[in-house]
Amino acid sequence: MNKPATIDFATTTAIKASVAAPLALHDLVPGEARDSLLAVHDVLRRELPQGRLAIYEAGGGSCSVLPPELPGRSHVTVVDIDEDQVRNNTYADKAVLGDVQTYRFEPETFDLVICYNVIEHLPDVEAALLNFRHALKHGGMILIGAPNPRSLSGVVTKYSPHWFHVWFYRHIRGIKDAGLPGEPPFPTFFHPLVTLPRLEAFAATNGLEMIYRREVESPRYPEMRGRKPMFAALVDAGAAVMNAVLPRGTDVRRGDYHVILRKS
């Protein structure tokens, strides 16, 4: 049933240590998203078991959101449907070319599942989340980072064509390789479970306790303010107008969230 192509990377600690995992934290400009990821690191340090760890990265690109000291004491398995993304990964112990919505590991396999900037790209988020839960040990955790579909950036992403996403990455973010094979942005589906209240309800129904939850300003805003200040000023002004007419407490700039779910 599961017949993936498997690529084995360095498995010894010495070899693995020489190939340091590029950190997603390095790509985040100062702001709420970076602060939240640092807080996530503190939770993982506190809650994960000491000693060797088994970690599953669902959708594995070229960088890691793990605290920098964890890969050295972890066996990291990556599953990704994109062959270029699999080959871009330099730090996994094992990489599987497969679909996280259908690929199933043995139960009680992992201490931690990471699904970062992935669920918004999945047509069947429920199937993926149930597979993650199945693979977790009791007390194990799922870290999810995702965009908020109800934010300004989420609405624009959902209703604009993919070519516009590529244009934005290339000309506003300055990522010249955007849209090339294995490079973001990837097509976005925004399954209903990506919406944070629905994700929280799903977690409660399926024996997953939400131990960390934070909505943050999308890192695209501080990026734009640094790279394209006039464009950013227009976007900020538009967001301020929307916030003024929406229910009190709404901030359409809160375009991302981080949650940690723990299996009971």
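Let me start with a word we need: a residue is buried when its relative accessible area is under 20%. Keep in mind that this is a predicted model.

First, the aromatic rings. How many aromatic pairs are there? The count comes to seven. Take one of them, Y56 with F110. Their ring centres are 5.3 Å apart and their planes meet at 35°. Stacked needs under 30 degrees, and edge-to-face needs over 60. So this pair is tilted. Where do the two rings sit in the chain? Y56 is in strand 2, residues 53-58. F110 is in strand 5, residues 110-116. They are 54 residues apart, so to speak two distant parts of the chain linked by one pair. Are they buried or exposed? Both Y56 and F110 are buried.

Now a second pair, W163 and F164. Here the centres are 6.3 Å apart and the planes are at 80°. That angle is over 60, so the pair is edge-to-face. W163 has 60% relative accessibility and counts as exposed. F164 is partly exposed, at 27%.

Back to Y56 and F110. They belong to one aromatic cluster, together with Y103, F105 and F132. One more ring to point out is Y169. The charged end of R173 sits over that ring, 4.7 Å from its centre.

Next, the strands. Start with strand 5, since F110 is in it. How many of its seven residues are buried? Seven of the seven, so strand 5 is largely enclosed by the rest of the structure.

Strand 5 has strand 2 as a partner. Three bridges join them, and they run parallel. For one bridge, look at I55: its partner in strand 5 is L112. Strand 5 also pairs with strand 6, residues 136-147. Six bridges join these two, again running parallel. Y116 has G145 as its bridge partner in strand 6. How does the chain get from strand 5 to strand 6? It passes through helix 4, residues 125-135. This β-α-β crossover is right-handed.

Now go to strand 3, residues 74-80. Six of its seven residues are buried, so to the eye it is mostly covered. Strand 2 joins strand 3 through six bridges, and the two run parallel. A54 has H75 as its bridge partner in strand 3. Strand 3 then pairs with strand 4, residues 94-97. Four bridges join them, and they too run parallel. V78 stands opposite A95 in strand 4. Between these strands, the chain crosses through helix 3, residues 83-88. That β-α-β crossover is right-handed.

Last stop, helix 2, residues 32-47. It has 16 residues. From first C-alpha to last it reaches 22 Å, close to the 22 Å expected at 1.5 Å a residue. Which residues of helix 2 are buried? They are A33, S36, L37, V40, H41, V43 and L44. Look down the helix axis. The buried residues fall within an arc of 165°, so they line one face of helix 2.

To recap: strand 2 is joined to strand 5 by three bridges and to strand 3 by six. Y56 of strand 2 also pairs its ring with F110 of strand 5. Thank you.

How values were computed
Residues numbered from 1 in each chain as written. Predicted model: local features only at pLDDT ≥ 70, side-chain atom pairs only at ≥ 80, totals over all residues. Heavy atoms only, no water. Phe/Tyr/Trp six-rings, centres within 6.5 Å; stacked < 30°, edge-to-face > 60°. Buried < 20%, exposed > 50% of the residue type's maximum accessible area, 1.4 Å probe, protein only. Lys NZ or Arg CZ within 6 Å of the ring centre and 35° of its normal. Pairing = 2+ DSSP bridges. Right-handed = clockwise from strand over helix to strand, strands pointing away. Expected span 1.5 Å × (residues − 1). Arc of directions from axis to C-beta.
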